[in-house]
Amino acid sequence: MKYIFLDVDGTIIDHFKKEIPPKTIETIKELRKNNRLFIASGRAKDATKIGLDVEFDGLIASLGADIYYKDEEIYDKSFTEAEIIKIKDLASKYQIGISFECRHKGFGSEILLNRVYGRKANTKLFQSKEKYWYRFDEYTDEKVYKFMAETTIENKIAYDLFLKEIK
């Protein structure tokens, strides 16, 4: 028996065609017969729901910060409240768009939601049928496993300062 780890973006999902190719689905089902299959993704747990009717043995989500085996969580490394406050403060200071990814929801600034997640073409493949992305001001106290920051090239100096301070 082998342990096989599959990425989602650009591996299982063909983003040019916006689908999971039928041959990929066939191959995964065949591999599942004699192997253990895992999804390993930068996506948060609920954002890995990819519409593939195959059972997986486990999930490595949020760049390895949230790990499951047989639906049981075996690793949890979320940001602390102090880290979340620091990220928010620095993003505000440097006018950087940010998002927080939790298990079941993502929260983003208007800049990030519009520029990165607002593309209709991504909706079907990047989230489940339930709403996943919310405005940043709707964030409550859910555990945050990943954050992303983005800006424009015109704001590169501020972004570099943000990165330096965030370390």
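**Group meeting: two sheets, a helix pair and a few buried residues**

I will begin with one residue: Tyr139 has a relative accessibility of 16%, so it counts as buried. The cut-off for that word is under 20%. Before going further, please keep in mind that this is a predicted model.

Where is Tyr139 in the chain? It sits in a loop, the one that links β8, residues 133-135, with β9, residues 146-150. What does Tyr139 touch, once its neighbours within four places in sequence are set aside? The contacts are Ile84, Phe100, Cys102, Phe107 and Val144. Take Phe100 from that list. Along the sequence, 39 residues separate Phe100 from Tyr139, while in space their C-alpha atoms are 8.6 Å apart. There is also a polar detail to look at: the side chain of Tyr139 reaches the backbone oxygen of Glu142, at 2.8 Å.

Now the overall layout. The protein has 167 residues, and 40% of them count as buried. There are five helices and nine strands. Reading from the N terminus, the order of elements is β-α-β-β-β-β-α-β-β-α-α-β-β-α. As for contacts, take those in the protein with a separation of 6 or more: 64% of them are between residues 24 or more positions apart.

The strands next, starting with the sheet of five. This sheet is open, its order is β1-β2-β3-β4-β5, and the pairing is mixed. Which strands stand at its edges? They are β1, residues 3-6, and β5; each has a single partner strand, so one side of each has no neighbour in the sheet. From one strand to the next, the twist averages 20°.

Within that sheet, look at β4 and β5. Strand β4 covers residues 66-69 and β5 covers residues 72-76; the two run antiparallel and are joined by four bridges. Asp66 has Asp76 in β5 as its bridge partner, and Tyr69 stands opposite Glu72 in β5. Together β4 and β5 make a hairpin, with two residues between the strands. In the turn, Lys70 has a positive phi of about 50°.

The other sheet has four strands. It is open as well, with the order β8-β7-β6-β9 and mixed pairing. Here β8 and β9 are the edge strands, each pairing on one side only. Neighbouring strands of this sheet are turned against each other by 20° on average, ignoring direction. Recall that the Tyr139 loop lies between β8 and β9.

Inside this sheet, β6, residues 97-101, runs antiparallel to β9, and five bridges join them. One residue of β6 to pick out is Glu101. Its bridge partner in β9 is Lys146. Is Glu101 buried or exposed? Glu101 is buried, because its relative accessibility is 5% and the limit is under 20%. A polar atom of the Glu101 side chain lies 3.3 Å from the backbone nitrogen of Ala44.

A second loop residue belongs here too. Ser109 is in the loop from β7, residues 106-108, to α3, residues 110-117. Ser109 has a relative accessibility of 16% and therefore counts as buried. Leaving out residues up to four places away in sequence, Ser109 touches Gly97, Ile98 and Phe136.

Last, the helices. Helix α2, residues 81-94, lies across β6 and β9, and its direction is at about 160° to β6. Helix α2 also meets α5, residues 156-166: their axes come within 9 Å and cross at roughly 160°. How are α2 and α5 oriented to each other? They are roughly antiparallel, because that term applies to angles over 145 degrees. The crossing is right-handed.

Which residues make this helix contact? On the α2 side they are Lys86, Ile87, Leu90, Ala91, Lys93 and Tyr94. On the α5 side they are Ala158, Leu161, Phe162, Glu165 and Ile166.

To recap the route through the model: we started at Tyr139, a buried residue in the loop between β8 and β9. We then went through the open sheet of five strands and the open sheet of four. We ended with α2, which lies across β6 and β9 and meets α5.

Definitions and conventions: Residues are numbered from 1 along each chain as its sequence is written. This is a predicted model: local features need pLDDT of at least 70, side-chain atom pairs count only at pLDDT 80 or more; totals for chains, interfaces and linings use all residues. Side-chain values use heavy atoms; hydrogens and water are left out. Buried means under 20% relative accessible area, exposed over 50%, partly exposed in between (1.4 Å probe, protein chains only). Contact means heavy atoms within 4.5 Å. A polar contact is a pair of N or O atoms within 3.5 Å; within protein, one must be able to donate a hydrogen and the other to accept it, and residues adjacent in sequence count only if both atoms are side-chain atoms. Two strands pair if DSSP finds at least two bridges between them. Axes are lines fitted to C-alpha atoms, for helices over the stretch in contact, and angles run from 0 to 180 degrees between N-to-C directions. Angles under 35 degrees count as roughly parallel, over 145 as roughly antiparallel, 65 to 115 as roughly perpendicular and the rest as oblique. A crossing is left-handed if the near helix is turned anticlockwise from the far one by less than a right angle, and right-handed if clockwise.
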